Amino acid sequence: MPIYIYRCRECGEKFESFRSIHDNDAEVTCPKCGKKNPERLFAPVFGQISRGGSGNQRFPT
Ligand SMILES: [Zn+2]
């Protein structure tokens, strides 16, 4: 399972969590204050999908 790094939106606590790719970030709870829906800081090494945006040109034509 990939490890995700989260930061609590409420108290700013950073913590790691093992998550299945099927799990929902919104259900992750802060170990410090118990608040749900933290901000995810890291994507797992695999499964990264680059979604458009600028500064990531792959094949210049
Ligand atoms: Zn918290």
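**Figure 1. P38 is a buried loop residue in this predicted model.** With 24 C-beta neighbours inside 10 Å, P38 passes the cut-off of 20, so this proline counts as buried. P38 lies in the loop between β2 and β3. Setting aside neighbours within four places in sequence, P38 is in contact with six residues named here: Y6, R7, C8, R9, V28 and C30. The C-alpha atoms of P38 and E10 are 8.1 Å apart in space, while the two residues are 28 apart in sequence.

**Figure 2. V28 is another residue of the loop between β2 and β3.** V28 has 20 C-beta neighbours inside 10 Å. Burial begins at 20, so V28 counts as buried. Residues up to four places away in sequence are left out of its contact list. What does V28 touch beyond them? The partners are Y6, S17, K36 and P38. The contact with P38 also appears in the list for that proline. V28 and R40 are 12 residues apart along the chain, and 9.8 Å separates their C-alpha atoms.

**Figure 3. N37 has a positive phi without being a glycine.** Its phi is about 60 degrees. Most residues other than glycine have a negative phi. N37 is found in the loop between β2 and β3, where P38 also lies. Is N37 buried or partly exposed? N37 has 16 other C-beta atoms within 10 Å, so this residue is partly exposed.

**Figure 4. Three strands make an open sheet.** The strand order is β2-β1-β3, and the pairing is antiparallel. Which strands are at the edges? They are β2 (14-18) and β3, each pairing on one side only. Along the chain, from the N terminus on, the elements run β-β-β. The chain has three strands and zero helices.

**Figure 5. β1 and β2 form a hairpin.** Six residues lie between the two strands. G12 sits in the turn and has a positive phi of about 80 degrees. The strands run antiparallel, and five bridges join β1 to β2. In one view of this pairing, I3 stands opposite F18 in β2.

**Figure 6. β1 also pairs with β3.** How many bridges join these antiparallel strands? There are two. Y6 has R40 in β3 as its bridge partner. The bridge partner of R7 in β3 is E39. Y6 and R7 are also among the contacts of P38, and Y6 is one of the residues that V28 touches.

**Figure 7. Confidence and burial across the whole chain.** The chain averages a pLDDT of 79, and 66% of its residues score at least 70. Where is confidence lowest and where is it highest among the elements? Strand β1 (residues 3-7) has the lowest mean, at 89. Strand β3 (residues 39-40) has the highest, at 92. Where pLDDT is low, the predicted coordinates should not be read in detail. Buried residues make up 8% of the 61 residues in the chain. Of the contacts between residues at least 6 apart in sequence, 40% join residues at least 24 apart.

Technical notes:
Residues numbered from 1 in each chain as written. Predicted model: local features only at pLDDT ≥ 70, side-chain atom pairs only at ≥ 80, totals over all residues. pLDDT = per-residue confidence, 0-100. Helix = DSSP H or I, 4+ residues; strand = E, 2+ residues; numbered from the N terminus. Pairing = 2+ DSSP bridges. Buried ≥ 20, exposed ≤ 12 C-beta atoms within 10 Å, placed from the backbone. Contact = placed C-beta atoms within 7 Å.
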